Amino acid sequence: MTDSALRVIVETSAYWRVVFDSPPFNIVDAAMFGGLQDVLARMDASANLRVVVFESANPEFYLSHFDLTGRTGNITTAVGPSGLPILIDTFVRLTKSPVVSIAKIRGCARGVSSEFVLACDMRFASLQSTRLGQPEVGVGLHPGGGGTERLPHLVGRGRALEIILGASDFDGETAARYGYVNRALPEAELDGFVDVLARRIASFDRRAIAAAKKLVNQVSLPPADRLLEALTSFQTALTWPEAQQRIQALLERGLQREVDFENRWPAGLGTLLESQSP
């Protein structure tokens with residue numbers, strides 16, 4: 001691994017757990033993407049692997065969001081093995097891998113972190129702690145890592161627009177009802193449910209798993225050119241004056257510094273510029 005942001009726990013040769021562990025918030029930065037790229041390379045090289053569960057060491061933050069202080073390196077410009085920018089490459093390769101990916105979600109997963117779990121094959125969430133969302137519009141931006149392309153297929157057009165344009169958090173129960181996640185389970189049941197499912201899948205023939213996933217992918221995945229268009233537009237949006245003003249206001253109020261604010265910040269987006277000087 002290139003960074004301690006991720007830990008790989010090998011349960012068996014067919015079943016791994018990948019733990020996000022980058023205190024205090026599991027912010028998604030260049031180091032996190034470097035870790036994910038390493039995991040993908042290891043997955044590609046593991047002939048016996050069937051399933052990987054992605055989880056967090058921090059029960060408050062599954063993954064937080066894109067690093068808004070600039071520590072994102074070249075993930076939107078450098079090209080990955082698929083020929084796409086690393087940000088998109090990471091998600092596309094995860095989705096198209098013959099290995100099954102499961103997101104086990106506790107805590108916050110917003111913006112690009114929501115887009116990561118959308119790129120996973122399945123999502124299971126804690127009823128008590130999960131907060132999912134695409135708050136980019138409230139920050140003067142729009143999703144750029146697949147949220148606008150994947151959500152409509154999962155939840156329908158109207159609910160996708162509610163999630164994206166409303167820029168609010170969604171709890172586990174609502175996310176499950178909408179189809180944002182597969183299921184939301186009581187906190188005490190989440191680990192056991194996901195582990196049983198992962199071990200069951202891991203017991204099946206790898207060729208059958210890969211063939212079934214490939215067929216589902218053919219009728220359910222957005223084309224790469226649409227994902228690339230969204231990322232290019234997102235990069236342009238980062239230069240918009242109001243986006244820069246809103247990002248600065250969030251950072252001044254405590255984003256990526258204060259735990260309480262990091263937990264609840266989407267709730268204040270509607271009055272962000274009214275209550276904060278430019």
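# Exercises on a predicted model

Phe66 and Phe234 are both buried. The model to which these exercises refer is a predicted one.

**Exercise 1. Aromatic pairs**

Determine how many aromatic pairs the structure contains, and classify the pair formed by Phe33 and Phe91.

Solution.

Step 1. The count of aromatic pairs is eleven.

Step 2. For Phe33 and Phe91, the ring centres are 5.9 Å apart and the planes enclose 40°. An angle under 30 degrees would count as stacked and one over 60 as edge-to-face, so with 40° between its planes this pair is tilted.

Step 3. Phe33 belongs to helix H1 (residues 30-44) and Phe91 to helix H2 (residues 86-96); with their positions 58 residues apart, the pair links distant parts of the chain. Both Phe33 and Phe91 are buried.

Step 4. The second pair to be treated is that of Phe66 and Phe234, with a centre distance of 6.0 Å and planes at 80°, and it is therefore edge-to-face. Phe66 is found in the loop between strand S4 (61-63) and H2, while Phe234 is in helix H9 (residues 224-237); the pair therefore ties together parts 168 residues apart in sequence.

Step 5. Ring pairs also join Phe20, Phe33, Phe54, Tyr62, Phe91 and Phe116 into a cluster.

**Exercise 2. Arginine over aromatic rings**

Identify the ring whose face lies under Arg42, and do likewise for Arg159.

Solution.

Step 1. Arg42 is placed over the face of Trp16, 5.1 Å from the ring centre.

Step 2. Arg159 is placed over the face of Tyr178, at a distance of 4.1 Å from the ring centre.

**Exercise 3. The surroundings of Glu115**

Establish whether Glu115 is buried or exposed, and describe its contacts.

Solution.

Step 1. Glu115 is located in helix H3 (residues 112-119).

Step 2. Its relative accessible area is 2%. The limit for a buried residue is under 20%, so Glu115 counts as buried.

Step 3. Leaving aside residues up to four places away in sequence, Glu115 touches Phe91, Gln134, Glu136, Pro143, Gly144, Gly145, Gly146 and Gly147.

Step 4. For Gly145 a polar distance can be added: its backbone nitrogen is 2.9 Å from a polar atom of the Glu115 side chain.

Step 5. Glu173 is 58 residues from Glu115 in sequence, and the C-alpha to C-alpha distance between Glu115 and Glu173 is 19 Å.

**Exercise 4. Cysteines**

Find the number of disulfides in the whole structure, and explain why Cys120 forms no bond with Cys108.

Solution.

Step 1. The search returns zero disulfides. Cys108 takes part in none, and the nearest cysteine sulfur, belonging to Cys120, is 17 Å away.

Step 2. A disulfide requires sulfur atoms within 2.5 Å. The closest cysteine sulfur to that of Cys120 is in Cys108, and because the distance is 17 Å, it is too far for a bond.

Step 3. Cys108 is buried at 1% relative accessibility, and Cys120 is buried at 3%.

**Exercise 5. The open sheet**

State the order of the four strands in the open sheet, and name the edge strands.

Solution.

Step 1. The order is S4-S6-S8-S9, and the pairing is mixed. S4 and strand S9 (170-171) are the edge strands, each pairing on one side only.

Step 2. Strand S8 (residues 131-133) pairs with S9 in the antiparallel sense over two bridges.

Step 3. Arg131 stands opposite Asp171 of S9.

Conventions. Residues numbered from 1 in each chain as written. Predicted model: local features only at pLDDT ≥ 70, side-chain atom pairs only at ≥ 80, totals over all residues. Heavy atoms only, no water. Buried < 20%, exposed > 50% of the residue type's maximum accessible area, 1.4 Å probe, protein only. Contact = heavy atoms within 4.5 Å. Polar contact = N/O pair within 3.5 Å; in protein donor to acceptor, adjacent residues only side chain to side chain. Phe/Tyr/Trp six-rings, centres within 6.5 Å; stacked < 30°, edge-to-face > 60°. Lys NZ or Arg CZ within 6 Å of the ring centre and 35° of its normal. Pairing = 2+ DSSP bridges.
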